[in-house]
Amino acid sequence: MRTHSEHSTHSTHSRRALLGAGIAVAGGGLLAACSTGDSGSHAGMDGMDHSGSGAAPAGYVSPDGPEVAAAEKKRGAGPVRKVSLTATPARLELGDRTVKSWAYGGDLPGKEVRVTAGDTLALTLANHLPQSTSLHWHGLALRNDMDGVPGLTQRAIKAGASFTYRFAVAHPGTYWLHPHSGVQQDRGLYAPLIVEDPKEPLSYDKEWVVVLDDWVDGVDGSTPDAVLAELRKGMGGGSGHGEKGGMDHGDMDRGDMGAMDMGEGGHQGSSGPSRMLMGATSKWLGGDAGDVDHPFHLVNGRTAKDPQTFRAKPGDRIRIRFINAGGDTAYRVALGGHTMTVTHTDGFPVEHATSDALLLGMGERYDVLVTAKDGAFPLTALAEGKKRSALAVLRTGGGAAPGPSARPEELDGRLLTADRLKAAESVRTTPRRPDRTIKLDLTGSMAAYDWAINKKPYQASQRYAVRAGERVRLSFRNRTTMWHPMHLHGHTFGLPGGGPRKDTAIVLPGRTLDVDFDADNPGLWMIHCHNVYHSESGMMTVLGYRQK
């Protein structure tokens, strides 16, 4: 029943020869530094290794170490799928608005990358931006030196340079890719990554990849860097963080700092109007809904005034893959006139559950099945608590298209959140007492904009230690008055009570969320809030595997 007519896979030749082992050599100085440092470092009461003067503590697996190579070998080496991608300044048509921004190949979203589980992906990123960049593969359990975190797992890709990411893709599912460099993700630098299951158990006629995004870049002079600078001043107008447009990942060029607030082509942009959002609240998010007043909300790069139309036939069974690529916005999503059957979240199957609406935090993904009715129907993504929305249209027959403000009644119907789902039995985390518990207090406030983990803003030398083979419990305790979508790189965790396997989970204000994962992918891995303005203000840290 399935058809691939609605998507394409890009297998173009890379722009230069694969770096192969040269990747590790090029980053050798940096990556070696990740596992050496003050031999007197020790683990504090909070479980973190503390070493003097910012030096990386000793005794940890290096991103390019033999343990990482051994784990990759176990994944196998399937057919190589070569893809070329260019990060470049671009004029983007959002439908009724044209903006200058940065994007992959001038497309918004970037063209879908589609592979099959078991393949080896070899993607060469050419950097035509005026500053360094990187590429992170959100949700994938991959080799650590390909995870795309400058200053931790690789050197940043400098302006004018290119880099080939090459790794085995082990698990099917809905993923996406974006930079891990400053607030670049809140420009147009993102694309879906779909990993097909060679033994796909679902049956459907069509597939619709739906990427949600909040948009500010290039609107009336605004840039994400200027927004971050405004937020860092805090509501009181002062901040101890300075005006730098992103966390220091330890591997930025000095020339990058002057380019931080540059728009298309590297020209200095004005800061634009205030984008600080006050009074946005949501009961589903436990209070404060967001920090940033994004003027537009997009579905697949289009505003509600000129939406994308997806065409199908009445009775078609459609798989919709939802991805929230936003910087600061949770979306409540519904398809007018339809119920949705949820089949996956964050790439992993769940026990099927029906719902009228879904709530997606930044970085989360949900797969659903719908049976199309006859007519034209709004797919509405409500910017939760922000009084704005995004729109796309499902058309299977005649009738007037829904208008920009269409709000289907399903948005106020049954709302499914991750805590109400159960993992499919095939991927459910086996009950087991944790060998190690890591307590991660989420701290900070809007007033000072001092977001952090355990009151410690991010440094690349931070380490929360684990050992291979352990069952690890992450205990997220939200000490703030705002929700945080917390993301773990390189692994998936199980929500409590047989809940779904996820890599990104919402932690509500004042609540504690305990999640368990198996330490089966050695390296240095980020844990961070996926509100890009929170993470770049300090709400990030590092999980490190100890050497044997």
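The surface of this predicted model comes to about 19300 Å² of exposed area, and carbon and sulfur atoms make up 49% of that. Beneath it sits plenty of covered material: 61% of the 548 residues in the chain count as buried. As for what the chain is built from, there are 35 strands alongside 6 helices. Contacts also reach well along the sequence. Taking those with a separation of 6 or more, 77% come from residues 24 or more positions apart.

One piece of the strand architecture makes a handy starting point. Strand 3 (residues 80–93) and strand 4 (residues 98–104) run antiparallel, joined by 7 bridges. Within this pairing, Ala87 stands opposite Tyr104 of strand 4. The two strands form a hairpin with 4 residues between them, and there Gly95 takes a positive phi near 115 degrees. Strand 4 itself is mostly covered, with 5 of its 7 residues buried.

Now for the charged side chains. Side chains of opposite charge can pair when their charged atoms come close. In this model the count comes to 32 salt bridges.

Take Asp367 and Arg319, whose side chains meet in a salt bridge at 2.8 Å, N to O. This pair links distant parts of the chain, since Asp367 belongs to strand 21 (residues 365–371) and Arg319 to strand 16 (residues 317–324), 48 residues apart. Asp367 has a relative accessibility of 2%, so it counts as buried. Arg319 is buried too, with a relative accessible area of 2%. The pair also belongs to a wider arrangement: Asp367 and Arg319 are linked with Glu112, Arg114, Glu196, Glu200, Glu207 and Arg321 in a network of salt bridges.

Another bridge joins Asp346 and Lys502, with 3.1 Å between the closest N and O atoms. Asp346 lies in the loop between strand 18 (340–345) and strand 19 (348–355), while Lys502 is in strand 31 (residues 501–502), so this salt bridge ties together parts of the chain that are 156 residues apart in sequence. Both of these residues, Asp346 and Lys502, are buried.

Arg143 and Asp145 give a further example, their side chains meeting in a salt bridge at 2.6 Å, N to O. Here again, both partners are buried.

Technical notes
Residues numbered from 1 in each chain as written. Predicted model: local features only at pLDDT ≥ 70, side-chain atom pairs only at ≥ 80, totals over all residues. Heavy atoms only, no water. Salt bridge = Lys/Arg side-chain N within 4 Å of Asp/Glu carboxyl O. Buried < 20%, exposed > 50% of the residue type's maximum accessible area, 1.4 Å probe, protein only. Pairing = 2+ DSSP bridges. Contact = heavy atoms within 4.5 Å. Areas by Shrake-Rupley, 256 points an atom, 1.4 Å probe, with all protein chains shown as cover.
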